[in-house]
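Hi everyone, thanks for coming. I'd like to walk you through a structure that's new to most of us, so have a look at it first.

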Amino acid sequence: MPATRFTKLALATILAFAATAAPTSEALLTNPIRTTISRDIKTPDPVPQSGIDEAVELMSTGRMYRYNVKDAASSTVSKCEVEIANYTGHKYCVALNSCGSSIMLMMKCAGLQPGDEVLSNAFTFGAVPSAIEHAGGKAVYVESDYNHVMDMEDLEKKLVEYPNVKFCLISHMRGKLCDMDKLKDACDRHGVVLLEDCAHSLGVSWKDKHTGHVGKVAAISSQSYKMINSGEGGFLLTDDAEIAAKCAVYAGAYEGLAGKHLTVPGPEVFGDLPKQIPNYSVRMSALAAAVIRPQILTLDERREKYNKRYAFVTQKLTERKGDLLSIPVNTPGMTPVHDSLQINLSHKITDEQVQKFLDECATHGLPVELFGHKSNARNFVNWGFAPADQPLPLTAKMLSRACDVRLPLMWDDEDFEDMVDVLCESLDAATADQDFE
């Protein structure tokens, strides 16, 4: 059983017994039976059998190297790039070994020079400032608000305060989009190139167009906890021919190997690039591409399932505990993929009570992360390799109460009823000694 469950009759029997039993039964009344989850919150999406079969076939032939094929049409990696580009609507696509590589390369391909300033969300995963550092840039952080997106007012302020900034790397953290039209307008007014980190937003749309089209270049992820799972992997997506050619060369298309790609421009765009820029050898392996391909076909189906469960969980949480928590609001114009849950605890709750809430959840089988925890890689205070040079009070305050819970696709619907119960019961236990009236 995934959780401890009791029928109404069983509960009535227990309470009746408790009312007439010895004083020791008082412990039962003061410590009610709690819901406990036994499912693994980190259960990833499985690889469809057809992906397993293709990977096994590649291993049986030994042709796992991305270019060990007679032509582009025979390449598993190239076919995967076509399918991803068709899904997102981009003209060019280069598959890479990680989304971190994709983000790093999109900055270098867009023209970033050593020391160039790059605006980015103060709330994102540490891999984003890491990629900025890897590309040779200097991160400048923009505040994030309680909807977990970039704050447009602070963006305008930073664009004025940093007149030499050349790039804005927007991270769609947990699949949440800011007002992309306002963002693009602000960047255009200041001559800043907009780049999109879409690691969390595969399947998410902005005004009926897949994410990654407002900016000049985009990156998506196939890390295990994303919408497509190859363990690790990423894709660079763009409609810019020069950027696509540079990325292919950086990724490992030396000599004439660009001819074994299907979603890059022709040789006239590549020109002498293989002699001008280094080969980092970071293109995706054939095995990773093989397990991704069938997952692309089920993206829309899985999005619908995720969103239905998210709607159930958020409705129940709001009904039961809306006085102590809130749910980030989606920006009008976006179509979401809610494969995880974020909640903002009320600031009426103390730091000690927040920690007790986390402990109570963990004790009852539901690991909940606090974005603002001192060890969380999504907390900007932990980015010593790319520290903020200004205080970020709005982001810091938001992170101190922002919690994160996975919504595993492989769980059953009733498991999400238990999730709601554990969250609400843990909040009750954490705040039992405080009257919020």
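**A walk from the sheet to the cores**

Let's start with helix 8, residues 180–189: it lies across strand 4 and strand 5 (193–197), and it runs at about 145° to strand 5. Keep in mind that this is a predicted model.

Now, those strands. There's an open sheet of 7 strands here, with mixed pairing, and the order reads 1-9-8-5-4-2-3. At the edges sit strand 1 and strand 3, each pairing on one side only. On average, neighbouring strands in this sheet are turned by 20° against each other, ignoring direction. Strand 2 (residues 117–121) and strand 4 run parallel, joined by 3 bridges; V118 has F167 of strand 4 as its bridge partner.

Over to helix 4, which lies across strand 1, strand 8 and strand 9 (234–238), at about 125° to strand 1. Helix 4 (76–88) also helps cover the buried residues of helix 3, as does helix 12 (286–296). Which residues of helix 3 are buried? They're G51, E54, A55 and L58. Looking down the axis of helix 3, you'd find them within an arc of 100°, so they line one face of the helix. Right after helix 3, G62 has a positive phi of about 80°.

Last stop, the inside. The largest nonpolar core has 52 residues, and I103, M107 and L169 touch the most other members. Another core, of 51 residues, lies apart from it and includes I170, L183, W206 and A290. As for L169, its contacts further off in sequence include I103, M107, V118 and L195.

Terms used:
Residues numbered from 1 in each chain as written. Predicted model: local features only at pLDDT ≥ 70, side-chain atom pairs only at ≥ 80, totals over all residues. Heavy atoms only, no water. Core = buried A, V, L, I, M, F, W, Y, C linked by side-chain atoms within 4.5 Å. Buried < 20%, exposed > 50% of the residue type's maximum accessible area, 1.4 Å probe, protein only. Contact = heavy atoms within 4.5 Å. Helix = DSSP H or I, 4+ residues; strand = E, 2+ residues; numbered from the N terminus. Arc of directions from axis to C-beta. Pairing = 2+ DSSP bridges. Axes fitted to C-alpha atoms, helices over the stretch in contact; angles between N-to-C directions. Lists of a residue's contacts leave out its neighbours within four places in sequence.
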